Amino acid sequence: MDLNSGSKERLALNMITVNFYATVRMIVGRKQLTVSSKAFDVAGLLEECETVTGKRFINKLLNEAGAIIPGVIILVDGINIHHLDGTASAVKDGAVVSVFPPGGGG
């Protein structure tokens with residue numbers, strides 16, 4: 001039994017690229033962010049992005065119950081999380097996550 005292998009796995013961080021669009025990009029103040037995170041789902045990743053940037057934007061994407069606001073699109077490697085497990089969708093090392101707020105206009 002290799003006692004060190006378990007500790008290496010626990011210390012492993014995911015390197016995830018997050019692309020922000022429209023008003024979320026304006027709030028965050030950047031187009032893209034690379035996050036090293038222990039988060040393994042979309043909800044945890046968004047929280048990590050808020051922590052790293054110091055900007056609050058999750059309230060523009062999720063309601064108080066944590067559900068995705070209608071019109072919000074979040075893609076994990078090009079797949080809409082509505083077709084995965086919503087905010088519980090897994091985010092693996094090397095993933096690219098794209099975050100689109102609801103569209104506006106008249």
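Is Tyr21 buried, partly exposed or exposed? Keep that in mind while we walk through the model; the answer comes at the aromatic rings.

**Before you click**

This is a predicted model, in which local features need pLDDT of at least 70 and side-chain atom pairs count only at pLDDT 80 or more, while totals for chains, interfaces and linings use all residues. Residues are numbered from 1 along each chain as its sequence is written, and side-chain values use heavy atoms, with hydrogens and water left out.

**Colour by confidence**

Start by colouring on pLDDT, the predictor's confidence in each residue, from 0 to 100. The chain averages 88, and 85% of the residues score at least 70. Now select residues 1–5: their pLDDT stays under 50, and the model gives them zero contacts (heavy atoms within 4.5 Å) beyond four places in sequence. Where pLDDT is low, the predicted coordinates should not be read in detail.

**Switch to cartoon**

You should find three helices and five strands, running α-β-α-β-α-β-β-β from the N terminus. Both kinds of element are DSSP runs numbered from the N terminus: helices are H or I with at least four residues, strands are E with at least two.

Select the five strands next. They form an open sheet with mixed pairing, in the order β2-β1-β5-β3-β4; two strands pair if DSSP finds at least two bridges between them. At the edges sit β2 (32–37) and β4 (79–80), each pairing on one side only. Zoom in on β1 and β5, which pair in the parallel sense over four bridges. Val18 stands opposite Val97 in β5.

Add α3 to the selection: this helix packs on the sheet and touches β1, β2, β3 and β5, and its direction makes about 110° with that of β2. Such angles run from 0 to 180 degrees between N-to-C directions, with axes fitted as lines to C-alpha atoms, for helices over the stretch in contact.

**Show the aromatic side chains**

Rings of Phe, Tyr and Trp (its six-membered ring) pair if their centres lie within 6.5 Å; planes under 30 degrees apart count as stacked, over 60 as edge-to-face and the rest as tilted. By this rule there are two aromatic pairs.

Select Phe20 and Phe57 for the edge-to-face pair, at 5.7 Å centre to centre and 75° between the planes. Phe20 is in strand β1 (residues 14–20) and Phe57 in the loop between α3 (42–53) and β3 (73–76), so this pair ties together parts 37 residues apart in sequence. Phe20 counts as buried at 0% relative accessibility, and Phe57 is buried with a relative accessible area of 0%. Here buried means under 20% relative accessible area, exposed over 50% and partly exposed in between (1.4 Å probe, protein chains only).

Now select Tyr21 and Phe100: their ring centres are 4.2 Å apart and their planes at 5°, so the pair is stacked. Because Tyr21 lies in the loop between β1 and α2 (22–28) and Phe100 in strand β5 (residues 96–100), the pair ties together parts 79 residues apart in sequence. And the opening question? Tyr21 is partly exposed, with a relative accessible area of 27%; Phe100 is partly exposed at 26%.

**Last stop: Ser89**

Find Ser89 in the loop between β4 and β5. Ser89 is buried, with a relative accessible area of 1%. Leaving aside neighbours within four places in sequence, Ser89 is in contact with Phe40, Asp41, Val42, Ile81 and Leu84.

**Zoom out**

Finally, show the whole chain: buried residues make up 35% of its 106 residues.
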